[in-house]
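Thanks for sharing this one with me. Here are my notes, set out as numbered points so you can follow along in your viewer.

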Amino acid sequence: MRIETLLSKFAIKGINYDPLSGGGKALLSAEEQLAVVGLCWHESPVGWLLLFVEGLRDVHALKLLQIATRGETLRLMEDWRGVYPEKALTALCATAIAEATQQNGQVCPECNGSAIVVDKNRNRRKCQCCKVGRIVWTQETRFAYFAQVLPVTYSRFKRYHNVLIMLTGWLLKNRTIVFISLEERLNSEKLAS
Ligand SMILES: [Zn+2]
């Protein structure tokens, strides 16, 4: 039951697993959970797709999320002065989705997320290049990600950065809408029962 996995991952109040009931039993049955998701889906399809990518690494959801994000990117680029290549849209979408689905940062490639590295004397040391195993998002690390798709100069990227911030904000706003609509729905279910 993937919906169950998803909701438990985000520990959504009322829908998550109750540790006291033993055996990890969900407070709502799988059918009830599906029904709640169905009822809340229309509030923010983009937010749900984001959660499916973030929580379940769902490939199909990622494709749909990329299409939706591209639409929003085109809208944001309407005010753009000058020319930009098609690949700029791809780079913007990829970077915004990467940040919105990994808000704490990307897994550090030097310590593989453990935050510990072994030096040449075989001593364990705190990894110097990350924060608790994660490469946090800054204008610089966004540039590094963006430039994998569109290797422009840093100064050129700074222009795209403004759009990128709005795009990531749009994704995260949709993510929040899902949680708010779920909580509202669960509260009204509780009142009804
Ligand atoms: Zn590290």
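1. The protein has 7 helices and 4 strands. Read from the N terminus, the order of elements is α-α-α-α-α-β-β-β-β-α-α. Please keep in mind that this is a predicted model.

2. A word on the chain as a whole. Of the 193 residues in the protein, 24% are buried. Taking the contacts between residues at least 6 apart in sequence, 60% join residues at least 24 apart.

3. Now to the core. The largest nonpolar core contains 30 residues, and Leu49, Leu50, Leu92, Ala96 and Leu171 are those with the most contacts inside it. At least two residues of this core come from each of helix H1 (2-9), helix H2 (30-41), H3, H5, helix H6 (139-149) and helix H7 (154-192). H5 gives the most, supplying 8 residues.

4. Helix H3 deserves a look. It covers residues 45-56, and its 12 residues should span 16 Å at 1.5 Å a residue; the end C-alpha atoms are 16 Å apart, so the two values agree. H3 is mostly covered, with 9 of its 12 residues buried. These are Val46, Gly47, Trp48, Leu49, Leu50, Leu51, Phe52, Val53 and Glu54; you will notice that a glutamate, Glu54, is on that list. Just after H3, Arg57 has a positive phi of about 50 degrees, which may be a spot you would like to view.

5. How do H3 and H4 cross? The axes of H3 and helix H4 (residues 59-76) come within 9 Å, and the crossing angle is roughly 140 degrees. H3 is therefore oblique to H4, since the angle does not go over 145 degrees, the cut-off for roughly antiparallel. The crossing of these two helices, H3 and H4, is left-handed. On the H3 side, Val46, Leu49, Leu50, Phe52 and Val53 take part, meeting Ala61, Leu62, Leu64, Leu65 and Ala68 of H4.

6. Helix H5 comes next. Its 16 residues (86-101) should span 22 Å at 1.5 Å a residue, and the end C-alpha atoms lie 23 Å apart, which agrees. Buried in H5 are Ala88, Leu89, Ala91, Leu92, Cys93, Thr95, Ala96, Ile97, Glu99 and Ala100. Among them are the polar side chains of Thr95 and Glu99.

7. Is Ala96 buried or exposed? This residue of helix H5 is buried, because 26 other C-beta atoms lie within 10 Å, and the cut-off for a buried residue is 20 or more. Setting aside neighbours within four places in sequence, Ala96 is in contact with Thr69, Leu164, Leu167, Thr168 and Leu171. Leu171 also appears with Ala96 among the core residues with the most contacts. As for distance along the chain, Ala96 and Met166 are 70 residues apart in sequence, yet their C-alpha atoms are 9.1 Å apart in space.

8. Last, the packing of H5 against H6. Their axes are 8 Å apart, at an angle of about 140 degrees, and the two helices, H5 and H6, are therefore oblique to each other. The crossing of H5 and H6 is right-handed. Lys87, Thr90, Ala91, Ala94, Thr95, Ala98 and Glu99 of H5 make the contact with Arg142, Tyr145, Phe146 and Val149 of H6. Of the H5 residues in this contact, Ala91, Thr95 and Glu99 are also listed as buried.

Conventions: Residues are numbered from 1 along each chain as its sequence is written. This is a predicted model: local features need pLDDT of at least 70, side-chain atom pairs count only at pLDDT 80 or more; totals for chains, interfaces and linings use all residues. The expected span of a helix is 1.5 Å times one less than its number of residues. A nonpolar core is a set of buried Ala, Val, Leu, Ile, Met, Phe, Trp, Tyr and Cys residues joined through C-beta atoms within 7 Å. Axes are lines fitted to C-alpha atoms, for helices over the stretch in contact, and angles run from 0 to 180 degrees between N-to-C directions. Angles under 35 degrees count as roughly parallel, over 145 as roughly antiparallel, 65 to 115 as roughly perpendicular and the rest as oblique. A crossing is left-handed if the near helix is turned anticlockwise from the far one by less than a right angle, and right-handed if clockwise. Two residues are in contact if their C-beta atoms, placed from the backbone, lie within 7 Å.
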